[in-house]
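Biologist: Please give me a close look at one annotated part of this chain, and then place it against the rest of the model.

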Amino acid sequence: MKFVKGGNVSRLLEGISIPKMFHAKQEFDDAKITPEDIPAVVYRELSKPGIGETIKPGMSIAVTAGSRGVANVNVITRAIVDFCKEKGAHPFIVPAMGSHGGALAEGQKELLAGYDITEESMGCPIKSSMETVLLGYSQYGKPVYQDKYAYEADGIIISCRIKPHNAFRGPYESGVCKMMVVGLGKQTGAESVHSDGLGNMARNLPANARVVLERSSILFAIPCVENAYDETSIIEAIPREAIMDREPELLKTAFSNMPGILVGEADVLIVNEMGKNFSGTGVDPNISGTWSTEFGKGGLKVKRTCFLDLTDCSHGNANGMGLADIITARLYEKLDPKVIYPNCFTSTVLRSGMMPPVVATDKEAIQACIRTANQIDRDNCRIIRIKNTLHVGEIMLSQAYYEDVVRGRYKGVTAVSEPEELRFDPQENLITPMLS
């Protein structure tokens with residue numbers, strides 16, 4: 001199916017005016033660990049009592065690497081591998097990403113390559129397989145699985161990021177427990193923990209994680225937490241026996257570090273790009289407010305949202321497109337159902353894989369949002385534009401916000417340009433640049 005400009009859809013959108021917009025900066029806490037300092041921080045953390053001595057000479061060590069766009073993930077992973085080698089161990093990397101990559105071993109390895117995690121760059125093997133071992137059953141009767149390569153290793157190191165989940169709330173969300181249960185569980189493990197629905201994830205995730213800790217060779221975890229600018233702010237090694245106590249504390253820190261769109265409400269949100277490197281749902285609803293389930297809440301209050309493009313490193317996985325009200329033909333043409341549907345069928349969240357209305361151009365996507373948003377002032381529409389949900393330090397706002405921003409109504413928001421018309425190329429692609 002081709003979506004081209006012209007016909008009744010274009011006719012219905014003609015004359016829908018798009019307001020002038022201006023660039024704005026949002027200020028958040030920017031405490032961070034620079035990439036240059038990361039190896040030393042990793043070495044310090046792994047040298048703590050109860051951590052480094054768990055790695056013995058000659059041991060085979062599985063190091064996890066996930067599918068998210070974690071800041072400096074290649075630097076962190078390489079530092080862990082190097083430490084293991086220094087201890088005389090034999091590390092290898094396991095793609096720990098549930099059903100991502102089309103639930104295929106090669107697809108998961110390709111995702112890691114997109115983050116510069118290859119055998120050459122890491123200096124160790126990458127062992128990718130979808131084969132799992134059944135570890136046992138949780139207190140709720142859920143089967144718990146683990147990647148076969150990781151299970152057969154002498155030890156497993158859980159490297160991951162801790163952050164709020166995009167579809168539910170609980171003491172354990174996206175972090176160490178999820179990496180152990182969903183990531184290392186591959187498709188079978190992910191399906192098991194999701195099979196009761198997102199409403200039961202808050203209980204099933206830690207229950208399954210306890211089985212992993214009891215019945216496999218987890219040595220320790222070394223999660224990171226990021227600041228609001230998608231930069232590494234914390235790296236902390238956690239002894240195996242302290243994981244269940246420490247993760248909820250670090251999740252609170254991650255919540256406090258979360259950025260947001262500080263004006264709070266909008267009629268229309270324009271998202272330049274969605275992608276698996278930003279969130280499991282392409283955009284993080286903690287920012288965008290576009291939730292796939294009733295078990296999460298927060299983020300922007302918005303009437304209509306359009307997604308303009310899909311990142312190349314998503315390899316066609318637009319799981320989460322169903323959270324948009326409108327998408328473009330450019331995004332549509334990148335879709336690959338072979339990788340989208342295994343992801344949403346495993347999570348059981350079908351809405352994420354549903355097809356929203358598709359229009360021919362960026363301009364029409366914005367116009368369609370304005371036209372279909374109810375009870376708004378179309379002559380003074382409140383529009384927000386972001387690059388993606390990982391990078392909201394610099395945004396664009398429509399003229400309706402300008403005077404309030406200049407007067408300081410929104411703490412942390414500063415106007416850095418005056419309102420101007422958005423620019424589009426002859427194909428109506430949006431070409432007004434973001435500041436970064």
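Modeller: The UniProt record, in an unreviewed entry, puts the feature "domain: LarA-like N-terminal" at residues 46-195; such annotations may be inferred rather than shown by experiment. The model is predicted, with local features needing pLDDT of at least 70 and side-chain atom pairs pLDDT 80 or more, while totals for chains, interfaces and linings use all residues. Residues are numbered from 1 along each chain, and side-chain values use heavy atoms, without hydrogens or water.

Residues 46-195 are 33% helix and 20% strand (DSSP runs of at least four residues, H or I, and at least two, E). The C-alpha atoms at the two ends of this stretch lie 36 Å apart.

Take leucine 134, which sits in strand β4, residues 132-137. Leucine 134 has 40% relative accessibility and so counts as partly exposed (between buried, under 20%, and exposed, over 50%; 1.4 Å probe). Leaving aside residues up to four places away in sequence, leucine 134 touches Pro143, Val144 and Tyr145 (heavy atoms within 4.5 Å). Glycine 185 is 51 residues from leucine 134 along the chain, with 9.2 Å between their C-alpha atoms.

Now the enclosed space. The whole structure has two cavities of 30 Å³ or more (on a 1 Å grid, points where a 1.4 Å probe fits but cannot get out; volume is the space filled by the probe spheres). The largest cavity holds about 690 Å³. Its lining comprises 45 residues (an atom within 4 Å of a point), and Ser67, Arg68, His100, Ser174 and Lys178 are nearest the centre. Elements that each give at least two lining residues include β2 (60-65), α3 (73-86), β6 (155-161) and α8 (186-194), as well as α13 (337-347). Helix α7 (176-183) is also in that group and contributes the most to this lining, four residues. By class, the lining of the largest cavity has 16 nonpolar, 23 polar and six charged residues (charged: Asp, Glu, Lys, Arg; Gly counts as polar, Tyr, Cys and Pro as nonpolar).

For the rest of the model, the largest pocket (an open set with protein on both sides within 12 Å along at least five of seven lines) has a volume of about 160 Å³. Of its 14 lining residues, Asn272, Asp309, Arg330, Asp362 and Leu430 are the closest to the centre. The lining of the largest pocket divides into five nonpolar, four polar and five charged residues.
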